[in-house]
Amino acid sequence: MSSLISEDNTLLIWTVLVVFVFLAMFAERHFKWAKAVGAALICLVGGMVLSSIGLMPSTSSAYDIIWSMITPLAIPLVLFAADLRKILKESGKMLFMFIIACCGTMVGAIAASCIFHNQIEEVWKAAAMLTGSQTGGSVNVVVMAEVWDITGSFFDAIYVADILTFTFTLFTLVMLPSIAILRKKYGTMYDAPVVEHNIEGIEETDTRMDTYQLGMALATSFAIVAVSVAIANWVNSVTDIFIINQLFGQKYLIITLITVVLATVFPKYFSKIPGAQDLGIFLMFIFFVAVSIEADLKQILSVGPWLIMFSVVIFVGILFVSLLFGKIFKFKIEEISVAANAALGGPTTAAASAAARGYKELVTPAVLVGTLGYVTGNYCGVLIGNIVMGLFG
């Protein structure tokens, strides 16, 4: 089907992509409905709409730069804050509870694969992508899409299922400390489920970028991507062993590894680049719009319900494992709630919910372990994807 914008009109295509991302972020800040669904989902659905109404072409060379440059650049920018030494030193007990929650995700993904492998083709791809998402947040879905070659309609269906269940699961986790029986069985850090909405003393980081810092961020990200691509290409040229190619021949996993190593070894350098994560997320939103443009709505609707149930089973796994081992290791219910939240939604949602409910002591650990999820979630997704592929591939 021909589109209103020609596939050769690169400038106009990019104008629509960037303006749409900005409008999605504007809506998230100014409208309650948009805040509820999130800018990422608006971008994803928006791409399908732009293509379905015939405005944007489903294929164009203009999109090539997104796959080859924009998306790879976004990964290191998001990970500049991933100083492992700081995370291990300052996260305290929360780190252990976070690991437990991530194990719950993996248990849930394997269980869901056993239940739905006959309904979902290539179920290991769904397992890998949802595991990556629910052990560190939606940032990881970009890496899983590349590693497992998840594109078009299947990517959109998985991501929409993840987002649709996310609101319910996040609400459930946030409300755990308000449930009387859980407060009695697990013990509490605070006398009231909600302590105070306005917390004093939480350090706010200045995320404004000047021109020098912007150049620093982009130069560093470009260098990391270039080296990572060279390493991945070399590995693929010298070996055809599947697991080696998957771990060290995939540019995104190499980008993740190199960025984390550098951020840990040179924390002072990366601390001088405020706002890098925001820039990386903006670039990822462009990816969300572009990847959904080629989506087939019929395919999404046909597989969507199964994927939603798949995602729900994973959440049951998170909840069950977190509550079981949280009890065994005597974690308070607030710690269990925030740690599971960090696994499910990443540092932003975990810190926000902890702050909103007045859990001052848990805000910084939530940010730290949630940031760790950006790193570990990718490898958890690879692990679970391979296990499920071995079972049902």
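Helices are DSSP runs of H or I with at least four residues, numbered from the N terminus. By that rule, Leu 372 belongs to helix H19, which spans residues 360-392. The model described here is predicted.

Leu 372 has a relative accessibility of 11% and therefore counts as buried, since buried means under 20%. Setting aside residues within four places in sequence, Leu 372 contacts Leu 84, Ile 87, Leu 95 and Phe 98. Leu 372 can also be compared in position with Gly 136. The two are 236 residues apart along the chain. Their C-alpha atoms are separated by 7.4 Å.

Helix H1 covers residues 10-30. H1 has 21 residues. From its first C-alpha to its last, H1 reaches 30 Å, close to the 30 Å expected at 1.5 Å a residue. The buried residues of H1 are Ile 13, Trp 14, Val 16, Leu 17, Phe 20, Val 21, Ala 24 and Ala 27. These residues cover an arc of only 160° around the axis, so they lie on the same side of H1. The face turned away from that buried side carries Leu 11, Arg 29 and His 30, which are exposed.

Three of the buried H1 positions reappear in the surroundings of Cys 43. Cys 43 is found in helix H3, residues 39-52. Its relative accessibility is 0%, so Cys 43 counts as buried. Beyond residues up to four places away in sequence, Cys 43 touches Phe 20, Val 21 and Ala 24, along with Phe 285, Phe 288, Val 289 and Ser 292. Cys 43 and Met 284 are 241 residues apart along the chain. Their C-alpha atoms are separated by 9.9 Å.

Next comes the pairing of helices H4 and H11. H4 comprises residues 64-79, and H11 comprises residues 211-238. Their axes come within 9 Å and cross at roughly 110°. Angles of 65 to 115 degrees count as roughly perpendicular, and H4 and H11 are therefore roughly perpendicular to each other. On the H4 side, the contact is made by Met 69, Pro 72, Leu 73, Pro 76 and Leu 77. On the H11 side, Ala 217, Ser 221, Phe 222, Ile 224 and Val 225 take part. By class, this contact has 9 nonpolar residues, 1 polar residue and no charged residues.

Leu 73, in helix H4, gives a view of this contact from a single residue. Leu 73 has a relative accessible area of 6% and so is buried. Its contacts, apart from neighbours within four places in sequence, are Ser 221, Phe 222, Val 225 and Leu 283. Tyr 159 is 86 residues away from Leu 73 in sequence. The C-alpha to C-alpha distance between Leu 73 and Tyr 159 is 21 Å.

Another residue of the H4 contact, Leu 77, can be paired with Phe 166. Leu 77 and Phe 166 are 89 residues apart along the chain, and their C-alpha atoms are separated by 25 Å. Phe 166 is found in helix H9, residues 152-175. Leaving aside neighbours within four places in sequence, Phe 166 is in contact with Leu 344, Gly 345 and Thr 349.

Helix H7, residues 123-133, is mostly covered. Of its 11 residues, 11 are buried. Among them are Trp 124, Lys 125, Met 129, Thr 131 and Ser 133. Thr 131 also appears among the contacts of Thr 105. Thr 105 is found in helix H6, residues 93-116. At 0% relative accessibility, Thr 105 counts as buried. Besides Thr 131, its contacts beyond four places in sequence are Gln 134, Thr 135, Ile 314 and Ile 318.

Two loop residues complete the description. Asp 149 is in the loop between helix H8 (140-147) and H9. Asp 149 is not a glycine, yet it has a positive phi of about 55°. Its relative accessibility is 53%, so Asp 149 counts as exposed, the cut-off being over 50%. Lys 330 lies in the loop between helix H16 (297-328) and helix H17 (333-345). Lys 330 has a positive phi of about 60°, although it is not a glycine. At 69% relative accessibility, Lys 330 counts as exposed.

Terms used
Residues are numbered from 1 along each chain as its sequence is written. This is a predicted model: local features need pLDDT of at least 70, side-chain atom pairs count only at pLDDT 80 or more; totals for chains, interfaces and linings use all residues. Side-chain values use heavy atoms; hydrogens and water are left out. Axes are lines fitted to C-alpha atoms, for helices over the stretch in contact, and angles run from 0 to 180 degrees between N-to-C directions. Angles under 35 degrees count as roughly parallel, over 145 as roughly antiparallel, 65 to 115 as roughly perpendicular and the rest as oblique. Contact means heavy atoms within 4.5 Å. Ala, Val, Leu, Ile, Met, Phe, Trp, Tyr, Cys and Pro count as nonpolar, Asp, Glu, Lys and Arg as charged, and the others, Gly among them, as polar. The expected span of a helix is 1.5 Å times one less than its number of residues. Buried means under 20% relative accessible area, exposed over 50%, partly exposed in between (1.4 Å probe, protein chains only). The arc is that of the directions from the helix axis to the C-beta atoms.
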